[in-house]
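Please walk through the fold of this predicted model, starting from its strands and ending with its aromatic rings.

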Amino acid sequence: MIRQIYLAGGCFWGTEHFFKQINGVKATEVGFANGHTECPTYQEVYTDQTGYAETVRIEYDDTVADLSFLLQMFFKAIDPTSLNRQGEDEGTRYRTGIYYTEAEDLPVIQAVMAAEQGHYDTPLVVEVEPLQNFYPADEYHQDYLEKNPNGYCHLPLSLFEFARKARKNENPHY
């Protein structure tokens, strides 16, 4: 069955490219989630005055890559203890978050969060909230790293290769 989840992992260019590598991910779209204005532009979000996080909408086949697996992979691509910063990117728009649309996803999210917290001495700062709103970013930002292979990315290239090889029912170690 095709499902969806919205993940904010810092700059959406690298986050989208990372998830596009994972077997079972059927579609992605970058945009802005959980802010307080209508139809924000990239320039408006960049001011950190709109409340939006750069976010990737992920459609996935849960028989190939279930939510638990995707969230485990998500934690390989973020620093879950860094507030409003991933890599060199800083600001509330770069916060980390898991935004869900189905209430049945919350127990899975909570279980993965609890397991992940066990790896850290400091609290995780990943938002877990229902999706309030999502606005797609301009076409320029969609599939950015495919269009611009040498474009900026806060994630190491080796992480993309890791994502290509990862499979559900394996314990993903990076």
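Strand 2 (residues 25-33) and strand 3 (residues 53-61) pair in the antiparallel sense over eight bridges; two strands count as paired if DSSP finds at least two bridges between them. Val 30 stands opposite Val 56 in strand 3. Helices (H or I, at least four residues) and strands (E, at least two) are DSSP runs, numbered from the N terminus. The model is predicted: local features need pLDDT of at least 70, side-chain atom pairs count only at pLDDT 80 or more, and totals for chains, interfaces and linings use all residues. Residues are numbered from 1 along each chain as its sequence is written, and side-chain values use heavy atoms, with hydrogens and water left out.

Strands 2 and 3 belong to an open sheet of six strands with mixed pairing, in the order 7-6-1-3-2-8. Strand 7 (127-130) and strand 8 (134-136) stand at the edges with a single partner strand each, so one side of each has no neighbour in the sheet. On average, neighbouring strands of this sheet are turned by 35 degrees against each other, direction ignored.

Helix 3 (residues 67-76) lies across strand 1 (2-9), strand 2, strand 3 and strand 6 (96-100), and runs at about 20 degrees to strand 1. Angles run from 0 to 180 degrees between N-to-C directions, with axes fitted to C-alpha atoms, for helices over the stretch in contact. Helix 4 (residues 106-117) also packs on the sheet, touching strand 1, strand 6 and strand 7, and its direction makes about 155 degrees with that of strand 6. Contact means heavy atoms within 4.5 Å.

Seven of the 10 residues of helix 3 are buried, so this helix is largely enclosed by the rest of the structure. Buried means under 20% relative accessible area, exposed over 50%, and partly exposed in between (1.4 Å probe, protein chains only). Among the buried residues of helix 3 are Leu 67, Phe 74 and Phe 75.

The largest nonpolar core has 44 residues, of which Ile 5, Phe 18, Ile 22 and Ile 98 touch the most other members. Such a core is a set of buried Ala, Val, Leu, Ile, Met, Phe, Trp, Tyr and Cys residues joined through side-chain atoms within 4.5 Å. Helix 3 gives this core its largest share, seven residues.

Phe 74 and Phe 75 form an edge-to-face aromatic pair, 5.7 Å centre to centre with 65 degrees between the planes. Rings of Phe, Tyr and Trp (its six-membered ring) pair if their centres lie within 6.5 Å; planes under 30 degrees apart count as stacked, over 60 as edge-to-face and the rest as tilted.
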